[in-house]
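Please look over the sequence and the structure shown here before reading on. The briefing is meant for someone meeting this chain for the first time.

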Amino acid sequence: GGSTGSTGGSAGSTGGSTGSTGGSTGNTGGSIGSTGGSTGSTVGSAGSTGGSTGSTGNTGVGQEKFVLPKTTVRNGYKITIANTVLEYSGKSLKPAVTVKYGGRKIKEKYYTVKYSSNKKTGLAAAVIRGKGAYAKKIPETKLHFVIVPRRMTITSVKNSKNGTAAVGWKTDGLAGGYQLQICRNSKFKEGVTSYEIKKTKKGRTITGLKKKKTYYFRIRPYIKVKNTLFYGRWSKVRSIKIKK
C-alpha cells in the first residue's frame with residue numbers, strides 16, 4: 001500500500017512585482033513540479049488579477065504568497081511529498097511520498113497514502129498514516145499540492161491595424177484566468193509587459209506598437225487557491241513584425 005509517483009520535475013517559487021512593465025523573465029517552456037527544494041526551473045511571479053502586472057523569474061509552474069511545504073517532521077519522522085505543483089492531465093495525480101526517521105527511509109509497507117481532490121485543478125491532498133509496527137509511531141499527516149491548468153496555445157497574432165497586434169488563444173475552462181506577456185526580446189529578458197486577462201476572453205489587441213519592430217508573445221493560465229495565484233507553464237512564443 002505505498003504511494004505512486006507522478007511525472008514532472010520541480011519548480012521554485014518567487015513573489016511578483018506589479019506595474020505596467022515587468023522585470024526580466026526566463027526562457028519559454030519550463031518543467032512541471034513542486035515549489036522549492038529540488039532542482040528544476042524557477043517560476044514566473046504572480047501578479048494580482050485585473051490590470052497589467054510586471055513579472056520576474058523564469059518559466060514553469062509556480063505560486064505566490066500561499067506556501068505549500070514539501071516536508072514536515074512529526075514525532076521525529078520526516079515526511080516529504082515529491083511535488084507540490086502539478087499540471088492537470090485528466091487523470092488522478094499521485095505525487096510520491098517518502099518517510100524517513102534518523103535519515104533512514106521507512107519502507108512503504110509501513111504506511112499508507114490516501115489522495116483526495118487530485119484529479120481536477122485546485123487544491124489536492126495526500127494523507128499519510130502509519131500501519132503495522134508503525135501504526136502508532138507515524139502520526140496521521142496531511143500534505144497539500146495544487147493542480148494547475150495545462151499549457152496553453154497562442155493560435156494567432158495579426159497586425160491588421162496601425163501599431164497594433166491582435167493576439168488569439170484557446171480558452172481553458174479549468175483556468176481562473178490568463179497572464180499574457182509581450183516583449184521585444186525573444187527570451188523575455190527585459191522590457192516585459194504583462195496583462196492579467198479573464199478566462200472567458202479569447203484574445204486581446206495590444207496597441208502602441210512601433211512600425212518595423214518585431215514583438216514576441218506568450219501566455220499561461222492560472223488558478224486562485226486561498227487568494228493566491230498558481231500559474232501553469234508558458235505557451236510557445238509567437239512573434240510578429242509590425243508592418244502597419
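What follows is a short briefing on selected residues, arranged by topic.

The model is a predicted one, and every value below should be read in that light. A search of the whole structure finds 2 salt bridges, and a patch of positive charge on the surface brings together four lysines, Lys 211, Lys 212, Lys 241 and Lys 243. The points below take up these features, and then turn to polar contacts, backbone angles and pairs that are separated in sequence.

**Salt bridges**

- Side chains of opposite charge can pair when their charged atoms come close.
- One such pair is formed by Glu 87 and Arg 233, whose side chains meet in a salt bridge with an N to O distance of 3.0 Å.
- Because Glu 87 belongs to strand β5 (residues 85-87) while Arg 233 sits in the loop between β17 (228-231) and β18, this pair ties together parts that are 146 residues apart in sequence.
- Both partners, Glu 87 as well as Arg 233, are buried.
- Another salt bridge joins the side chains of Glu 140 and Arg 129, here with an N to O distance of 3.1 Å.
- This pair links distant parts of the chain, since Glu 140 is in the loop between β9 (122-130) and β10 (141-148) and Arg 129 is in strand β9, with their positions 11 residues apart in sequence.
- Arg 129 has a relative accessible area of 33% and is therefore counted as partly exposed.

**The positive patch on the surface**

- Lys 211, one of the residues in the patch of positive charge, is placed in the loop between β15 (203-206) and β16 (214-225).
- The relative accessible area of Lys 211 is 52%, so this residue counts as exposed, the cut-off for that word being over 50%.
- Lys 241, another residue of the patch, lies in strand β18, which covers residues 238-241.
- With a relative accessible area of 46%, Lys 241 is described as partly exposed.
- Lys 211 also has a partner in space outside the list of patch lysines, in that its C-alpha lies 5.0 Å from the C-alpha of Ile 242, although the two residues are 31 residues apart in sequence.

**Polar contacts of Asn 159 and Thr 141**

- Asn 159 is located in the loop between β11 (154-158) and β12 (165-169), and its relative accessible area of 14% makes it a buried residue.
- A polar atom of the Asn 159 side chain lies 2.9 Å from the backbone oxygen of Lys 161.
- A polar atom of the Asn 159 side chain is also found 3.0 Å from the backbone nitrogen of Lys 244.
- Thr 141 is part of strand β10, and its relative accessible area of 3% places it among the buried residues.
- The side chain of Thr 141 makes a polar contact of 3.4 Å with the side chain of Arg 74.
- The side chain of Thr 141 further has a polar atom lying 3.0 Å from the backbone oxygen of Pro 139.

**Backbone angles**

- Most residues other than glycine have a negative phi, and most peptide bonds are trans.
- Ser 117, which is not a glycine, nevertheless has a positive phi of about 50°.
- Ser 117 is in the loop between β8 (111-116) and β9, and at 53% relative accessibility it counts as exposed.
- Asn 227, likewise not a glycine, has a positive phi of about 60°.
- Asn 227 is found in the loop between β16 and β17, where its relative accessible area of 65% makes it exposed.

**Pairs separated along the chain**

- Val 148 is placed in strand β10 and, at 0% relative accessibility, counts as buried.
- The C-alpha of Val 148 is separated by 5.0 Å from that of Glu 87, a residue 61 residues away along the chain, and Glu 87 is also the residue whose side chain meets Arg 233 in a salt bridge.
- Leu 123 has its place in strand β9, and its relative accessibility of 27% means that it counts as partly exposed.
- The C-alpha atoms of Leu 123 and Val 85 are separated by 9.4 Å, with the two residues lying 38 residues apart along the chain.

Conventions
Residues numbered from 1 in each chain as written. Predicted model: local features only at pLDDT ≥ 70, side-chain atom pairs only at ≥ 80, totals over all residues. Heavy atoms only, no water. Patch = residues over 30% accessible without salt bridge, like charges linked within 9 Å, V, L, I, M, F, W, Y side chains within 5 Å. Areas by Shrake-Rupley, 256 points an atom, 1.4 Å probe, with all protein chains shown as cover. Lys, Arg positive; Asp, Glu negative; His and termini not counted. Charge placed at Lys NZ, Arg CZ, Asp CG, Glu CD. Helix = DSSP H or I, 4+ residues; strand = E, 2+ residues; numbered from the N terminus. Buried < 20%, exposed > 50% of the residue type's maximum accessible area, 1.4 Å probe, protein only. Polar contact = N/O pair within 3.5 Å; in protein donor to acceptor, adjacent residues only side chain to side chain.
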